[in-house]
Amino acid sequence: MSKVKYYYDSDSLSYRKIERRKRTTFKYAFMFILASALFGFLFVFIASQYVESPKERSLARELHNMQLQYELLNKKMNEAENVLANVADRDNNIYRVYFEANPIPEAQRRAGFGGINRYKNLEGFDNSKLIIESNKRLDILQKQIVVQSKSLDEIAVLAKEKEKLLAAIPAIQPVNNKDLKRMASGYGMRSDPFTKARKMHWGMDFTAPRGTPVYASGDGIVVRADSGSTGYGNHIRIDHGFGYISLYAHLYKYNVRKNQKVQRGDLIGFVGSTGRSEAPHLHYEIFKDGDRINPMNFYYGSLTAEEYSKLLEHASLENQSLD
């Protein structure tokens, strides 16, 4: 029960009961509520500055995890860019040089994306700059991978062509060294055995007994196996592709026929002395794009350095040819 309060009235010389007006009561109640609300707001505000809510803690953990994931992504992109740069360097300076292909310009490898703003939908966020830069790096990296992939596809095609070329080029001596008596005459000006006049000898003469095996010096197709060319007697011509043709003349007999495919080292015929020939031997020529060239440059596949040196010495002598 609330206490009753009185005041002394000097006019009536008596005590009178203090009666609180409703207006005053409402005023006090309003001030109390306002003060309570203000105190509560201050408490919540101060607490929010120093105490994390469960939701804030969850969001903080999520943000921290995203930052870690971005750092890992950034590290992986750096590694991918380094690996791709290494591959691109080898592609330009080794592979494309070896296969005689033009290098890919760096501007083409690292070109960006022009035109409309590709990343407009990523703008307006707190970390928009970070997100846009990451997307740009990924897009450029993806384009570099596409460019490099196409380049390696091209290199693979060139490698296959190079492999075919290396297999096709006449690269071995058509008569084994063990079967040779001597290298009678080389490419160059020589004395004709019949007229004794100096004239150009367009091939190499290998002296060997009649019936000595003759081998294809490279992969190709036999385009002739006949005696229809003046002076060559029984002879074989093999088209190796890439502009190369090899000729084997004065044969005793053939072991191949026209349009037959042969591989380097296949037995194609036997040494003889048919046609314009003074003694059993093989006359060997090489054509490149229709021009005769020195066969001495095409024995890397069968001779040692010492054997090649001796053959070169004999081929350089200006002696008499056998045809």
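Three exercises on a predicted model follow, each with a worked solution.

Local features need pLDDT of at least 70 and side-chain atom pairs count only at pLDDT 80 or more, while totals for chains, interfaces and linings use all residues. Residues are numbered from 1 along each chain as its sequence is written, and side-chain values use heavy atoms, with hydrogens and water left out.

**Exercise 1**

Find where Phe242 lies, state the sign of its phi, and decide whether Phe242 is buried, partly exposed or exposed.

Solution.
- Step 1: Phe242 sits in the loop that runs between strand E9 (235-241) and strand E10 (244-249). Strands (E, at least two residues) and helices (H or I, at least four) are DSSP runs, numbered from the N terminus.
- Step 2: The phi of Phe242 is near 55°, which is positive, and the residue is not a glycine.
- Step 3: Buried means under 20% relative accessible area, exposed over 50%, and partly exposed in between (1.4 Å probe, protein chains only). Phe242 has 37% relative accessibility, so Phe242 counts as partly exposed.

**Exercise 2**

Do the same for His250: give its loop, its phi and its class of accessibility.

Solution.
- Step 1: His250 belongs to the loop between E10 and strand E11 (251-254).
- Step 2: Its phi is about 65°, again a positive value in a residue that is not a glycine.
- Step 3: The relative accessible area of His250 is 1%, so His250 is buried.

**Exercise 3**

How many salt bridges does the structure hold, and which residue forms one with Arg137? Then describe the bridge of Arg292.

Solution.
- Step 1: Side chains of opposite charge can pair when their charged atoms come close. A salt bridge is counted when a side-chain nitrogen of Lys or Arg is within 4 Å of a carboxyl oxygen of Asp or Glu.
- Step 2: The structure has 5 salt bridges.
- Step 3: Glu81 is the partner of Arg137, with 3.0 Å between the closest N and O atoms. Arg137 is in helix H4 (residues 128-168) and Glu81 in helix H2 (residues 54-98), so this pair ties together parts that are 56 residues apart in sequence.
- Step 4: Arg137 is partly exposed at 23% relative accessibility, and Glu81 is partly exposed at 24%.
- Step 5: Arg292 meets Glu285 in a salt bridge, at 2.9 Å from N to O. Arg292 is partly exposed, with a relative accessible area of 31%, whereas Glu285 is buried, with 2%.
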